[in-house]
Amino acid sequence: MRVLVISDIHANQTAFEAVLEDADGVEAVWCLGDVVGYGPDPNACVELLASQPNLVCVPGNHDIAAMGEMAIESFNGEARLSLLWQREVITPKNMAFLHTLPQIAEPSERVTLVHGSPRDPIWEYMLNTLTARLNFLEFTTELCFVGHTHVPSIFWQDVNRDRISLDIPKEAVPIELSGRVILNPGSVGQPRDRDPRAAYAIFDTESSIWTSHRVEYDIESVQKRIREAQLPEKHALRLEEGW
Ligand code: ZN
């Protein structure tokens, strides 16, 4: 099965559509949370996501805050302003969809999905090998897919040598996964690795091959909608620089 792995769409419909078109013909979509927050299109993104085949999705910190299930004070000023706006505009039907998402999912017996990390699904950032080392103890499947950092990354566990190593995946280079691995596809709607193109990954469940991808999208049109909605200017600027 060819699975589209995505994370951190962040209410960016244009980036999400570009990813779906580029990925072309997947049999399942696994989403690692933060469907909403920051961007101007929360309803369109939830609806587009909900219509995907064999969808499995976990919520992120922004989704939970948008639902009103987390104190908004946990977020910085600009993220908070955006979240207050999302709370106002997200329709009851789309809120109900967000409410159905489980914090941890196992879409196959080999894979665990979480937004942040297995030991703290909502908040922990998987940024370094120490964090990864501690988290390898917290899930039982071979593979764990995470989001939240907005940076494509791969953490390998070498059980024999008791080592964890970090790779930044190269674009469109297939990687055969073996052993225990934690992977992050990067962010669809707000990349933070200085590459403004939307990020996603394709995971082939039969061959166990992971391929990271990037795709350009019309950033200006999203910036225009951010400004029209009077959302923080910072969230428009960062899209064109990828931070
Ligand atoms: Zn995020």
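This text leads through the sheet, a helix that lies across it, the nonpolar cores and two loop residues of a predicted model.

The sheet is a suitable place to begin. Strands of a sheet pair through backbone hydrogen bonds, in either a parallel or an antiparallel manner. In this model, six strands make up an open sheet, and their order is 4-5-6-10-7-8. The pairing within this sheet is mixed. Strand 4 (105–108) and strand 8 (163–167) occupy the edges; each has a single partner strand, so one side of each is left without a neighbour in the sheet. From one strand to the next, the twist averages 20 degrees.

One edge can be followed in further detail. Strand 4 is joined to strand 5 (residues 111–113) by two bridges, and these two strands run antiparallel. Within strand 5, V111 is the bridge partner of S108.

Towards the other edge, a helix comes into view. Helix 6 (residues 129–136) lies across strand 7 (153–158), strand 8 and strand 10 (180–184). Relative to strand 8, helix 6 runs at about 125 degrees.

Attention may now turn to the nonpolar cores. The largest nonpolar core has 47 residues, of which L4, I6 and L49 touch the most other members. Helix 1 (residues 13–23) gives the most to this core, contributing six residues. A second core, separate from the largest one, has 20 residues, among them L32, L143, I154 and A201.

The surroundings of I6 merit a closer reading. When neighbours within four places in sequence are left aside, I6 is in contact with F16, V19, V29, W30, C31, L32, L49, P185, V188 and Y200. One of these contacts, L49, is itself named with I6 and L4 as touching the most other members of the largest core. Another contact of I6 is L32, a residue that the second core includes.

Two loop residues complete the account. D162 lies in the loop between strand 7 and strand 8. Although D162 is not a glycine, it has a positive phi of about 50 degrees. Is D162 buried or exposed? Its relative accessibility is 52%, and the cut-off for exposed is over 50%, so D162 counts as exposed.

A172 is found in the loop between strand 8 and strand 9 (175–176). This residue has a positive phi of about 60 degrees, although A172 is not a glycine either. With a relative accessibility of 47%, A172 counts as partly exposed.

Technical notes. Residues numbered from 1 in each chain as written. Predicted model: local features only at pLDDT ≥ 70, side-chain atom pairs only at ≥ 80, totals over all residues. Heavy atoms only, no water. Pairing = 2+ DSSP bridges. Helix = DSSP H or I, 4+ residues; strand = E, 2+ residues; numbered from the N terminus. Axes fitted to C-alpha atoms, helices over the stretch in contact; angles between N-to-C directions. Contact = heavy atoms within 4.5 Å. Core = buried A, V, L, I, M, F, W, Y, C linked by side-chain atoms within 4.5 Å. Buried < 20%, exposed > 50% of the residue type's maximum accessible area, 1.4 Å probe, protein only.
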